[in-house]
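Q: I'd like a close look at one part of this model: the packing inside it. Please talk me through the contacts and the cores, and then tell me what confidence goes with them.

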Amino acid sequence: MTQHGVAMKEERANLPTPESSAPSEPPKLDYAVPAKKSYGKDLDRLIRRLTPPTDPDLRRWWWRRFVYRVALFLLFAMIALYFGPNLLEFGKFTRPTMADYVPLVEQRGVPKALKLYKLDHGQYPDDESSLVPDYLPERIDGFVARHGSVIGFVGHGEIVRYDAETTPEEWYLYGPWLSGSLPLPPVTVNPSPRPRTRPAG
Amino acid sequence: MYCHRCYADLRQATLRRCPNCLRPFDPDNPSTYLVRPFPTKKRIALHLVLTTLVGIAAAFVVALHQLVRSSGH
């Protein structure tokens, strides 16, 4: 027997015979098993949703939906950050301006009473109680007069101040929302006809 | 035909489900799909109402925060 024949014989001997091998199990099919969730697929889906489609018609509608969503967000932001808080805090949709404080200040007559007192007494009063009842009909809540200055505590945390001894005389507003000079002229008074209790100066 | 939820094109769907989000639809029932890939008028109105309500709720929080900050507490 040739060497090739010997090799073939050995190979044939090593092959398992049908009777000796155990019945093999059928291969497991894995296409029916749901695939595990992976970050990559979700990210791909998110990216697919955030990018416009290639079809021109669908692309046009995608951009319309995008503008619509941006408009909704802007509406929410305007209500939540501007109009809503202003309406709740100030009673109007916009922030208060200097002009809103003018009627509040004009209704008070404390600086005028202060100057009339000085004309009559030659000096400013120590406090606002001295102005009542000759120069003010009643004490005005929230306003304090001290030696030629008037300080008023108005709503929303603002303070208005009038200093009759500085140049120029002006109403000044200090507050968390606004600060600055109020558009009001200096307070002027005519000499009082009442007889003075103390000499002027 | 477009999906109510994700606005995907349902004309390519082989089964009666959206190929993107698997939302079921019935080709014979127009209420189960959209004619165009955009919210309906009813849904737009609902969006506006919800946005306004949520905005008002957020405005309360913002106003409270501003009041606390301005009062210095």
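A: Let's start with chain B: of its contacts between residues at least 6 apart in sequence, 30% join residues at least 24 apart. Keep in mind that this is a predicted model. Chain B has 73 residues, and 32% of them are buried. Its secondary structure is quickly told, with 1 helix and 0 strands. On the outside, chain B exposes about 5000 Å², with 64% of that coming from carbon and sulfur atoms.

Now for chain A. Here the share of contacts joining residues at least 24 apart is 39%, again counting pairs at least 6 apart in sequence. Chain A has 5 helices and 5 strands, and along the sequence they run α-α-α-α-α-β-β-β-β-β. Of its 201 residues, 28% are buried. The accessible surface of chain A is about 14500 Å², and carbon and sulfur atoms account for 59% of it.

On to the cores. In soluble globular proteins, nonpolar side chains tend to be buried together. In this model the largest nonpolar core has 26 residues, and the ones with the most contacts inside it are Val110(A), Leu131(A), Val160(A), Trp171(A) and Leu182(A). Both helices and strands of chain A feed into this core: α4 (98–106) and α5 (110–121), along with β1 (143–146), β3 (159–163) and β4 (171–174), each supply at least two of its residues.

Leu182(A) is a good spot to zoom in on. Leaving out residues up to four places away in sequence, Leu182(A) touches Met98(A), Tyr101(A), Val105(A), Val160(A), Trp171(A) and Leu173(A). Two of those partners, Val160(A) and Trp171(A), are also listed among the residues with the most contacts inside the core.

There is also a second, separate core of 8 residues, which includes Cys3(B), Ala8(B), Ala13(B) and Tyr33(B).

What about confidence? Chain A has a mean pLDDT of 76, and 75% of its residues reach 70 or more. Its low point among the elements is helix α1 (residues 3–14) of chain A, with a mean of 65, while helix α3 (residues 56–90) of chain A is the high point at 91. Watch residues 195–201 of chain A too: pLDDT stays under 50 there, though the model still gives that stretch 11 contacts beyond four places in sequence. Where pLDDT is low, the predicted coordinates should not be read in detail.

How values were computed:
Residues are numbered from 1 along each chain as its sequence is written. Chains are lettered from A and ligands numbered from 1 in the order in which they are written. This is a predicted model: local features need pLDDT of at least 70, side-chain atom pairs count only at pLDDT 80 or more; totals for chains, interfaces and linings use all residues. Side-chain values use heavy atoms; hydrogens and water are left out. A nonpolar core is a set of buried Ala, Val, Leu, Ile, Met, Phe, Trp, Tyr and Cys residues joined through side-chain atoms within 4.5 Å. Buried means under 20% relative accessible area, exposed over 50%, partly exposed in between (1.4 Å probe, protein chains only). Helices (H or I, at least four residues) and strands (E, at least two) are DSSP runs, numbered from the N terminus. Contact means heavy atoms within 4.5 Å. Accessible areas come from the Shrake-Rupley method with a 1.4 Å probe; for residues, only the protein chains shown count as cover. pLDDT is the predictor's confidence in each residue, from 0 to 100.
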